[in-house]
Amino acid sequence: MLSIRTCNVYDLLAMHQCNSINLPENYNLKYYFYHAISWPSLSQIAEDCSGKVCGYTLGKLEEENEKKAHLTSVAVLKNYRKQKLAYYLITLTHQYVNDIYNVDNISLHVRVKVLLVKIEITYPILNAT
Ligand SMILES: CC(C)(COP(=O)(O)OP(=O)(O)OC[C@H]1O[C@@H](n2cnc3c(N)ncnc32)[C@H](O)[C@@H]1OP(=O)(O)O)[C@@H](O)C(=O)NCCC(=O)NCCS
């Protein structure tokens, strides 16, 4: 059975590890503390029955505009994907953003991998004799 709850400071190391396994954007542990101390309700974890952290959201308000919320990071371990965990984690974070800070939107910036494809067009050389 999996459960979702708001993270506390004791979860931050496991969240940091989950992030390192799943994403190329890795944050310093103190950035997790910054989130937990500044916006204690905006980061959630999913854990299995053994207490293993299998997914998380890391949420915050934007420093320049506290009427905007930002999902700093979301990840779910590979073995736990496609079970709507990310959906529930994000929904809960969004709900707290709305209920506690009265902010109705939350954005997530995602890196888009740009593939540069080299296209070579080869014209057949016809040797007309
Ligand atoms: C992206 C990620 C968090 C999704 O976790 P998840 O728990 O498997 O997602 P869910 O099961 O809640 O899926 C929710 C919806 O997103 C869709 N979805 C999930 N992963 C997807 C993917 N890689 N590509 C396209 N759609 C995807 C699901 O099909 C589902 O849509 P549906 O309701 O129409 O079926 C997970 O794949 C992951 O950790 N990836 C690596 C980290 C990452 O890319 N994080 C996002 C940038 S910070």
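This section describes the fold, the packing of helix 1 and the surroundings of the ligand in a predicted model.

The protein comprises five strands and three helices. Along the sequence these elements are arranged in the pattern β-α-α-β-β-β-α-β. Of the 129 residues in the protein, 27% are buried. Among contacts with a separation of 6 or more, 57% join residues 24 or more positions apart.

Helix 1 spans residues 12-22, and its residues Leu12, Met15, Cys18 and Asn19 are buried. These residues lie on the same side of helix 1, because they cover an arc of only 120° around the axis. Exposed residues are found on the other side of helix 1, namely Leu13, Gln17, Ser20 and Ile21. The packing partners of the buried residues of helix 1 include one helix, helix 2 (29-38). The same buried residues also pack against strand 2 (43-47), strand 3 (53-61) and strand 4 (69-76).

Strand 4, against which the buried residues of helix 1 pack, also contributes to the surroundings of the ligand. The ligand has 14 residues around it, of which Ala75, Arg81, Leu85, Ala86 and Tyr87 come nearest. At least two residues of the shell are supplied by each of strand 4 and helix 3 (85-101). Strand 4 provides four residues, the largest share of the shell. In terms of residue class, the shell around the ligand consists of eight nonpolar, three polar and three charged residues.

Note on methods: Residues are numbered from 1 along each chain as its sequence is written. This is a predicted model: local features need pLDDT of at least 70, side-chain atom pairs count only at pLDDT 80 or more; totals for chains, interfaces and linings use all residues. A residue is buried if 20 or more other C-beta atoms lie within 10 Å of its own, exposed if 12 or fewer, and partly exposed in between; C-beta atoms are placed from the backbone. Two residues are in contact if their C-beta atoms, placed from the backbone, lie within 7 Å. The arc is that of the directions from the helix axis to the C-beta atoms. A residue is near a molecule or strand if its C-beta atom, placed from the backbone, lies within 6 Å of it. Ala, Val, Leu, Ile, Met, Phe, Trp, Tyr, Cys and Pro count as nonpolar, Asp, Glu, Lys and Arg as charged, and the others, Gly among them, as polar.
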